[in-house]
Amino acid sequence: MKFDILTIFPEFFESPFSLGLFNKAREKGIVQLDAHDIRDYAEDKHRTVDDAPYGGGGGMLMKPGPLGRAIENVKEKSSNSIVILTTPAGEIFTDQTARELSEFDQLIIICGRYEGIDERVREIYVDREISIGDFVLSGGEHAAAVIVDSVSRFLPGFLGNVTSSECDSFKDSILEYPQYTRPEEYMGKKIPEVLLSGNHKDIDEWRRRESVKRTY
Ligand code: SAM
């Protein structure tokens with residue numbers, strides 16, 4: 001899977017994705033992440049990417065030219081690719097969205113800034129609009145990071161053999177059961193007896209019951 005992020009802050013993506021599972025998957029060639037600076041596609045010497053909105057009003061908007069050129073430059077014609085716009089007006093991102101996006105070979109994610117992007121870029125280039133919740137962020141970078149992280153977990157080999165996304169919350173719309181590790185007693189609270197029983201059938205039943213309880 002190739003993630004191409006279009007942003008005016010490419011450095012935002014350096015630290016979070018050079019750690020942990022994502023970094024391991026990068027080294028194995030399961031994921032590739034390139035953050036592209038939209039300013040590189042500006043045509044003036046000040047590398048301008050924003051301008052005032054027609055009709056007045058506060059704030060600035062991202063100009064269509066640099067953004068459009070950036071999309072056209074990174075889009076791989078041969079690949080199974082999708083252009084995503086991060087926006088509070090989009091469909092709310094869920095586990096199901098992440099599963100669907102993991103089927104593509106290339107995700108191009110546009111990170112808006114200022115008051116957002118020129119509407120014509122949305123009409124011409126965008127395949128799917130995604131919001132990570134009903135609140136307003138200062139930019140799409142945080143939303144893009146959420147999308148990259150959660151989509152990656154569905155890629156074959158990303159989680160290794162230790163665990164599987166099929167055991168995680170939201171599989172079949174159910175949340176994960178409570179989990180415990182050593183010590184057996186912590187601040188007067190003991191772990192549920194059944195987990196020490198060694199009886200895998202009872203443990204599985206207990207976990208299923210607790211998952212349902214937690215979900216409701
Ligand atoms: N004026 C816009 C509005 O009211 O809908 C908000 C623009 S916001 C300050 C700048 C950028 O942050 C947006 O273009 C978008 O890329 C990103 N953004 C803000 N909230 C978001 C959310 N809930 N989900 C995804 N992206 C978001």
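## From a helix contact to the cores and salt bridges

Leaving aside its neighbours within four places in sequence, asparagine 23 is in contact with Phe17 and Ser18. The model in which this is seen is a predicted one. Asparagine 23 is found in helix H1, and because its relative accessibility is 22%, it counts as partly exposed. Its C-alpha atom is separated by 10.0 Å from that of phenylalanine 158, a residue 135 places away along the chain.

From here the path leads to the strands. Strand S6, residues 106–110, is mostly covered, with 5 of its 5 residues buried. The cover is found on both faces, since Gln106, Ile108 and Ile110 on one side and Leu107 and Ile109 on the other are all buried. Strand S1 (residues 2–7) runs parallel to S6 and is joined to it by 5 bridges, and strand S5 (residues 81–92), also parallel to S6, is joined to it by 5 bridges. Isoleucine 109 of S6 takes part in both pairings: it is the bridge partner of isoleucine 5, and isoleucine 84 stands opposite it. The connection from S5 to S6 involves helix H3 (residues 95–101), and the three elements make a right-handed β-α-β unit.

The side chains around these elements bring us to the nonpolar cores. The largest has 28 residues, of which Phe3, Ile5, Leu101, Leu107, Ile147 and Val151 touch the most other members. S1, helix H1, S5, H3, S6 and H5 each supply at least two residues of this core, and the largest share, 5 residues, comes from H5. Leucine 107 shows how these parts meet, for beyond its neighbours within four places in sequence it is in contact with Met1, Lys2, Phe3, Asp4, Ile82, Ile84, Leu101, Ile147 and Val151. Apart from the largest core lies another, of 18 residues, among them Ile71, Val74, Val83 and Ile110.

Helix H5 itself covers residues 141–152, and at 1.5 Å a residue its 12 residues should span 16 Å, which agrees with the 16 Å between its end C-alpha atoms. Because 9 of these 12 residues are buried, H5 is largely enclosed by the rest of the structure. The buried residues are Glu141, Ala143, Ala144, Ala145, Ile147, Val148, Ser150, Val151 and Ser152.

Charged side chains add a further set of links. Side chains of opposite charge can pair when their charged atoms come close, and the count here comes to 17 salt bridges. In one of them, arginine 47 pairs with aspartate 37, the closest N and O atoms being 3.4 Å apart. Arginine 47 lies in the loop between strands S2 and S3 and aspartate 37 in S2, 10 residues apart. Aspartate 37 is buried, with a relative accessible area of 15%, whereas arginine 47, at 33%, counts as partly exposed.

Another salt bridge joins arginine 69 to glutamate 43, with 3.7 Å between the closest N and O atoms. This pair, 26 residues apart, links helix H2 (residues 64–74), where arginine 69 lies, with the loop between S2 and S3, where glutamate 43 lies. Glutamate 43 is exposed at 70% relative accessible area, while arginine 69 is partly exposed at 32%.

Aspartate 168 and arginine 153 also meet in a salt bridge, at 2.6 Å from N to O. Both lie in the loop between H5 and strand S8, so the pair ties together parts that are 15 residues apart in sequence. Finally, Lys2, Asp4, Asp34 and Glu76 are linked in a network of salt bridges.

Terms used
Residues are numbered from 1 along each chain as its sequence is written. This is a predicted model: local features need pLDDT of at least 70, side-chain atom pairs count only at pLDDT 80 or more; totals for chains, interfaces and linings use all residues. Side-chain values use heavy atoms; hydrogens and water are left out. Helices (H or I, at least four residues) and strands (E, at least two) are DSSP runs, numbered from the N terminus. The expected span of a helix is 1.5 Å times one less than its number of residues. Buried means under 20% relative accessible area, exposed over 50%, partly exposed in between (1.4 Å probe, protein chains only). Two strands pair if DSSP finds at least two bridges between them. A crossover is right-handed if, with the strands pointing away from the viewer, the path from the first strand over the helix to the second runs clockwise. A nonpolar core is a set of buried Ala, Val, Leu, Ile, Met, Phe, Trp, Tyr and Cys residues joined through side-chain atoms within 4.5 Å. Contact means heavy atoms within 4.5 Å. A salt bridge is a side-chain nitrogen of Lys or Arg within 4 Å of a carboxyl oxygen of Asp or Glu.
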